[in-house]
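Welcome! Please take a look at the structure below, and then read on for a short tour of some of its parts.

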Amino acid sequence: MLHVQSPEEGQRPQAGDKLANGIRTDKVAWNLASRLYHLEGFRKSEVAAYLQKNNDFSRAVAEEYLSFFQFGGQSLDRALRGFLQALVLSGETQERERILYQFSRRFHHCNPRVFPSVDSVHTLTCAIMLLNTDLHGQNIGKSMSCQEFITNLNGLRDGGNFPKELLKALYWSIRSEKLEWAVDEEDAAIPEKARPSPPTSKLSNPFLQLAQDPTVPTYKQGILARKMHHDADGKKTPWGKRGWKMFHTLLRGMVLYFLKGEDHGSEGESLVGQMVDEPVGVHHSLATPATHYTKKPHVFQLRTADWRLYLFQAPTAKEMSSWIALINLAAATHSAPPFPAAVGSQRRFVRPILPVGPAQSSLEEQHRSHENCLDAASDDLLDLQRNLPERRGRGRELEDYRLRKEYLEYEKTRYETYVQLLVARLRCPSDDLDLWEEQLGKEAGGTLEPKPSLKKSHSSPSLHQDEAPTTAKVKRNISERRTYRKIIPKRNRNLP
């Protein structure tokens with residue numbers, strides 16, 4: 001084994017590869033940390049698994065691993081960039097937090113006079129990570145400004161404020177150059193031409209990487225008509241881009257693919273070359289009947305994680321109900337736990353970050369996670385309703401209250417749907433989705449088909465039973481408007 005000397009505590013006795021009884025924990029931890037740091041028998045993508053667990057041994061390994069890094073005299077963003085090049089930061093939110101906390105401890109140890117405490121370093125480190133996601137992530141919309149970044153961190157430096165010049169320097173450093181993530185040498189050695197790459201017109205879509213995964217299940221496929229109704233962040237789609245388009249739609253994993261035809265190959269075949277339009281991710285989404293849309297029958301809507309709104313028309317009401325149930329089941333099964341919102345977001349409403357990557361949890365763990373999110377959304381909504389804003393308050397406060405209320409009501413409905421579907425999935429004795437749909441229909445009252453909102457009227461024999469009439473606002477005639485103007489008779493000039 002390579003002769004390694006610890007940067008601070010000197011050389012420590014080496015232990016065997018096997019973690020046997022009788023060997024001191026600190027010796028084993030230092031031995032494992034040394035091998036992880038020098039990648040002796042490990043890849044960069046495997047390092048985080050030994051540092052992120054919530055137990056004493058994993059914390060000891062993480063502390064020993066960080067002791068090999070020398071951050072003295074470096075800025076926080078430079079130290080973080082170097083650290084992220086040494087390992088692939090993976091795992092759940094809490095697991096990544098534990099690794100970043102060990103990084104913060106090491107940075108504070110190397111630079112004790114820059115920040116007053118480890119907590120202040122950790123707060124700023126997490127803020128930098130969230131800023132990088134906001135500026136360079138897949139979230140479409142207005143990015144965080146420098147002033148917002150400074151304002152969000154007010155009072156978070158052990159009760160005080162961070163120096164503004166420091167925060168400005170960190171902001172513009174991340175804005176000009178995003179944080180780069182480590183990759184294994186085997187992957188980096190592959191020529192760029194040899195790597196599977198999607199068509200150039202779809203390079204920006206993160207779901208194309210998931211199209212290569214042969215392990216994800218296929219939930220449903222069929223013909224659907226699609227219409228874009230709202231763009232990202234709920235903005236109305238321009239009128240010229242709202243037309244209906246017919247696609248052969250495939251729901252595989254947590255992605256809706258729009259293909260050329262029914263012949264899409266086997267279960268594990270890549271779908272990149274067969275797509276005729278960009279795929280749509282159903283992670284953290286919610287499908288519901290489009291009761292507000294009355295121009296076509298059997299239409300349901302899909303609200304995505306970035307608050308886009310799609311309308312889909314199915315051939316029949318039964319097919320519509322089936323698509324709704326299976327899309328929501330895929331979302332409930334594969335949606336990973338959300339990340340916290342931007343630091344200091346209590347000053348203005350910011351939705352939490354919803355990860356695109358699929359969850360690695362079991363159905364039972366997903367059910368518990370969604371129940372926790374449902375309880376949190378219900379509690380937040382109740383607190384919001386108890387603290388109503390003043391009627392004469394500022395417009396910004398009223399708008400913030402409206403956005404919070406709309407978001408929390410939607411989240412409550414979404415997680416209620418997820419929990420209900422996962423409960424039915426766990427109760428189903430088979431993995432057959434048809435049997436699950438049948439069981440779900442019985443629990444819902446006998447059928448999944450929705451009750452029609454409009455019935456054929458005897459006074460309107462020409463009204464189609466499956467299609468609701470289009471309503472329009474009609475202006476009242478001027479003669480029908482009621483007036484209270486006094487009528488004063490004209491004066492007779494002949495009278496004295």
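## Alanine 79 and its surroundings

Alanine 79 sits in helix α4. In this predicted model, its relative accessibility is 1%, so alanine 79 counts as buried, the cut-off being under 20%. Once its neighbours within four places in sequence are left aside, alanine 79 is in contact with Phe71, Gln74, Phe103 and Phe107.

One of these partners deserves a second look. Along the sequence, 24 residues separate alanine 79 from phenylalanine 103, while in space the two are 9.1 Å apart from C-alpha to C-alpha.

## How α4 meets α5

Two packed helices are described by the angle between their axes and the distance between the axes. Helix α4 covers residues 76-84 and helix α5 covers residues 93-110; they pack at an angle of about 130 degrees, and their axes are 11 Å apart. An angle between 115 and 145 degrees counts as oblique, and α4 and α5 are therefore oblique to each other. The crossing in which α4 passes α5 is right-handed.

Which residues in α4 and α5 meet? From α4 come Leu76, Ala79, Leu80 and Phe83, and from α5 come Ile99, Leu100, Phe103 and Phe107. Sorted by class, this contact of α4 with α5 has eight nonpolar residues, with no polar and no charged ones.

## How α10 meets α11

Another helix pair lies further along the sequence, with α10 at residues 317-334 and α11 at residues 363-386. Helices α10 and α11 pack at an angle of about 95 degrees, and their axes are 8 Å apart. Angles of 65 to 115 degrees count as roughly perpendicular, so this description fits α10 and α11.

Here Ala332, Thr333 and His334 in α10 meet Leu363, Gln366 and His370 in α11. The contact of α10 with α11 has two nonpolar and four polar residues by class, and no charged ones.

## Histidine 367 in α11

Helix α11 is also the place of histidine 367. Is histidine 367 buried or exposed? Its relative accessible area is 13%, which means that histidine 367 is buried.

Leaving aside neighbours within four places in sequence, the contacts of histidine 367 are with Val419, Leu422, Val423 and Leu426.

## Two loop residues with positive phi

Next come two residues in loops. Leucine 39 is not a glycine, yet it has a positive phi of about 55 degrees. Its loop lies between α1 (25-37) and α2 (44-47). With a relative accessible area of 28%, leucine 39 is partly exposed.

Histidine 284 is not a glycine either, and it has a positive phi of about 55 degrees. The loop that holds histidine 284 lies between β4 (275-281) and β5 (286-289). At a relative accessible area of 3%, histidine 284 is buried.

## The protein as a whole

Stepping back, how many helices and strands does the protein have? Its secondary structure comes to 13 helices and seven strands. The protein has 496 residues, and buried residues make up 42% of them. Its accessible surface is about 29,400 Å², and carbon and sulfur atoms account for 50% of that surface.

Contacts can also be sorted by how far apart the partners lie in sequence. Taking contacts between residues at least 6 apart in sequence, 64% join residues at least 24 apart.

Note on methods
Residues numbered from 1 in each chain as written. Predicted model: local features only at pLDDT ≥ 70, side-chain atom pairs only at ≥ 80, totals over all residues. Heavy atoms only, no water. Axes fitted to C-alpha atoms, helices over the stretch in contact; angles between N-to-C directions. Helix = DSSP H or I, 4+ residues; strand = E, 2+ residues; numbered from the N terminus. Parallel < 35°, antiparallel > 145°, perpendicular 65-115°, else oblique. Left-handed = near helix turned anticlockwise from the far one by under 90°. Contact = heavy atoms within 4.5 Å. Nonpolar A, V, L, I, M, F, W, Y, C, P; charged D, E, K, R; others polar. Buried < 20%, exposed > 50% of the residue type's maximum accessible area, 1.4 Å probe, protein only. Areas by Shrake-Rupley, 256 points an atom, 1.4 Å probe, with all protein chains shown as cover.
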